[in-house]
Every structure is written in C-alpha cells, then in structure tokens.
Amino acid sequence: MDSSQNDGAYQPLLQPQLSPATESNNSELERVLSDVETPLFARLRKATMIESKLLFKLAAPAVIVYMINYLMSMSTQIFSGHLGNLELAAASLGNTGIQVFAYGLMLGMGSAVETLCGQAFGGRKYDMLGIYLQRSAVLLTLTGVFLTFIYVFSKPFLLFLGESPEIASAASLFVYGLIPQIFAYAMNFPIQKFLQAQSIVAPSAYIATATLFVHLLLSWLAVYKLGMGLLGASLVLSLSWWIIVVAQFVYIVTSDRCRETWRGFSVQAFSGLPSFFKLSAASAVMLCLETWYFQILVLLAGLLENPELALDSLSIW
C-alpha cells in the first residue's frame with residue numbers, strides 16, 4: 001500500500017456540512033484577522049461585525065421560536081378570557097400553575113441533547129446525533145407518563161394547596177386538554193436541540209410562525225364557533241404543538257442537510273438510558289429553578305381573598 005493510500009486511510013469519512021454562507025463568513029473572518037497590514041483596532045472592528053452578523057443569523061430564529069411558543073400560550077389565555085373571569089383565572093392557573101412545571105422539566109431535560117449533539121457534530125460522529133435525539137425522546141416520553149398523573153389529578157392537588165373549588169374544577173378541565181401537549185414537549189425539545197447543534201435554526205422559525213396563525217384560527221373556531229370552551233382552547237394548544245413537532249420531523253427526514261445525522265430509527269436509543277437520565281436531570285434542575293418561581297407565585301395568588309381577580313391580573317401581566 002503506497003503512502004497516498006495510507007494518508008487517505010486517516011482522512012475523515014465525513015466533512016463538516018457548512019452552508020456556503022457560513023463558509024464564506026468563516027473565510028472572510030480569517031482573512032480579516034490575518035491581515036497584519038491593517039491596524040489592530042480596524043481588524044477587531046471588522047471581525048466583530050462579521051461575527052455579530054453570523055450570530056444574529058443563528059440567534060434571531062431561535063428567539064422567534066421561543067417567542068412564538070409563549071405567544072401561543074398567551075393567545076390561548078386570551079381566548080379563554082373571552083369566556084369569562086372564571087375561565088381566565090382557570091386558564092391562568094392551569095397554564096402557568098401546572099403546565100409550566102412540565103414545560104420547565106421537559107425543556108431542561110431536553111437541553112442535555114444540545115451538549116451531546118454539539119460534541120458529536122464537532123467530533124464528526126454524525127450518526128450519533130440521531131441516536132441522541134431518539135434516546136432523549138424515549139426518556140422524555142417516560143417522564144411524560146409520570147407528568148400525566150399530575151395532570152389527571154390536578155383538581156385534588158389544587159384543592160390540597162387551598163385553591164378555590166370553582167377555580168380548581170375549571171383549571172383541571174383546562175389541564176386535561178393539555179395532556180397531549182406533554183408528549184409534544186417530549187418530541188419537540190430534542191428535535192430543536194438536534195437541529196440547533198447543526199446550526200439549522202431557520203426552518204423551526206418558519207414552522208413556528210406558520211403554526212401560530214393556524215393556532216389562532218383553530219382557537220377562534222373552537223371557542224367562538226364550536227363552543228368547546230376551556231377544554232377546546234387547551235386541546236387546540238396541544239394540537240398546535242403537535243403540528244410543530246410533525247413539521248420539524250418531516251423536515252429532518254426529507255432535508256439533505258440532515259441526511260448524515262438522521263439514519264432512521266435505531267434500537268440504540270434504548271441503551272444507556274440511566275446515564276443519559278443523570279445528565280438530563282442535572283440539566284433540568286438548572287432550568288426548572290428559573291421557571292418554577294413564577295409557578296409558585298401563581299399558586300400563591302390563588303390563595304388570596306379574591307382568587308379570580310388575582311389570577312386574572314397575573315394572566316394579563
């Protein structure tokens with residue numbers, strides 16, 4: 001075997017899949033920083049502009065996605081408020097007092113995929129990205145089964161905390177419609193981190209934006225035309241999250257940008273779950289502490305003398 005063949009044996013089978021725009025920005029950044037004839041301050045200024053432009057292209061779509069996620073929940077509360085003060089208080093208590101618990105836990109556990117997928121992508125172990133995605137989805141789905149019991153028994157739980165019986169009954173009805181949303185979380189957060197690790201962020205923003213308009217239309221139909229009340233409003237919110245999940249997964253399966261990182265379903269997703277759970281749990285603790293404080297505030301507001309007014313005020317805030 002000649003030397004050229006030996007050299008080729010040590011070449012990576014896969015090369016980083018950078019878009020032409022990213023490669024152009026990287027080349028321009030290297031050229032600016034290596035131009036010793038240009039004054040240092042001028043080089044730093046140009047490099048900062050190039051890097052800021054690149055970061056904006058990556059960060060702006062991610063910000064849009066999280067904003068739209070919030071807008072969908074907020075619009076659901078607005079539609080619920082049109083049903084009456086009790087319904088608005090129930091949606092506020094159910095959406096923020098119960099649902100935020102699941103959101104924080106699922107998002108925190110799903111964030112572990114971001115670290116692992118980033119390492120795998122940087123190490124050119126592209127097939128492992130799909131494995132990590134599936135492994136996280138399996139783990140979060142199992143967690144979702146546990147959270148389902150909290151949703152199902154939300155009424156006695158709220159009554160135990162001292163909430164008003166009327167509001168607790170209405171809030172539990174609203175929460176029942178959010179049960180499918182739990183498992184949408186279990187799929188959505190790993191998918192988002194899987195795409196973000198590859199710097200694929202724009203498709204998620206486009207999908208979320210389109211889904212927001214669909215969500216508003218379906219919410220209007222469910223509340224005003226079909227008279228489905230609180231349960232209909234929350235079911236539409238769950239459906240909207242599943243639309244996002246399905247659309248993103250279709251993109252992963254059909255896009256050329258994911259052809260090396262998604263190799264189909266694998267039984268490897270069921271291996272190493274205990275160690276993966278430890279990493280996910282550690283990630284969840286950090287995020288949950290940031291999201292649960294507002295949940296506690298909402299639960300305390302329900303204990304005030306006029307809980308409907310207090311919860312209505314928090315939903316507007």
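Helix-helix angles under 35 degrees count as roughly parallel, over 145 as roughly antiparallel, 65 to 115 as roughly perpendicular and the rest as oblique. With that in hand, here are some close-ups of this predicted model.

**Close-up 1. Helices α5 and α12 cross obliquely.** The axes of α5 (residues 112-122) and α12 (residues 273-301) approach within 8 Å and cross at roughly 120 degrees; the pair is therefore oblique. On the α5 side, look for Ala 112, Val 113 and Leu 116, which meet Phe 276, Leu 279, Ser 280 and Ser 283 of α12. Sorted by class, this contact holds five nonpolar and two polar residues, with no charged ones.

**Close-up 2. Helix α3 bends at Phe 56.** Follow α3 through its 42 residues, from 40 to 81. Its first and last C-alpha atoms are 58 Å apart, close to the 62 Å expected at 1.5 Å a residue. The bend at Phe 56 is about 30 degrees.

**Close-up 3. Helix α6 has a kink centred on Phe 146.** The kink is about 25 degrees. The end C-alpha atoms of α6 (residues 127-152) lie 38 Å apart, which agrees with the 38 Å that its 26 residues should span at 1.5 Å a residue.

**Close-up 4. Two of the spans annotated as "transmembrane region" in UniProt.** The unreviewed entry places this feature at several spans, including residues 54-72 and 200-223. Residues 54-72 are 100% helix and 0% strand, with end C-alpha atoms 28 Å apart. Residues 200-223 are 92% helix and 0% strand, and here the end C-alpha atoms are 36 Å apart.

Definitions and conventions: Residues are numbered from 1 along each chain as its sequence is written. This is a predicted model: local features need pLDDT of at least 70, side-chain atom pairs count only at pLDDT 80 or more; totals for chains, interfaces and linings use all residues. Side-chain values use heavy atoms; hydrogens and water are left out. Axes are lines fitted to C-alpha atoms, for helices over the stretch in contact, and angles run from 0 to 180 degrees between N-to-C directions. Helices (H or I, at least four residues) and strands (E, at least two) are DSSP runs, numbered from the N terminus. Contact means heavy atoms within 4.5 Å. Ala, Val, Leu, Ile, Met, Phe, Trp, Tyr, Cys and Pro count as nonpolar, Asp, Glu, Lys and Arg as charged, and the others, Gly among them, as polar. The expected span of a helix is 1.5 Å times one less than its number of residues. The bend at a residue is the angle between axes fitted to the seven residues ending there and the seven starting there. UniProt positions are given in the numbering used here, feature names are shortened, and annotations may be inferred rather than shown by experiment.
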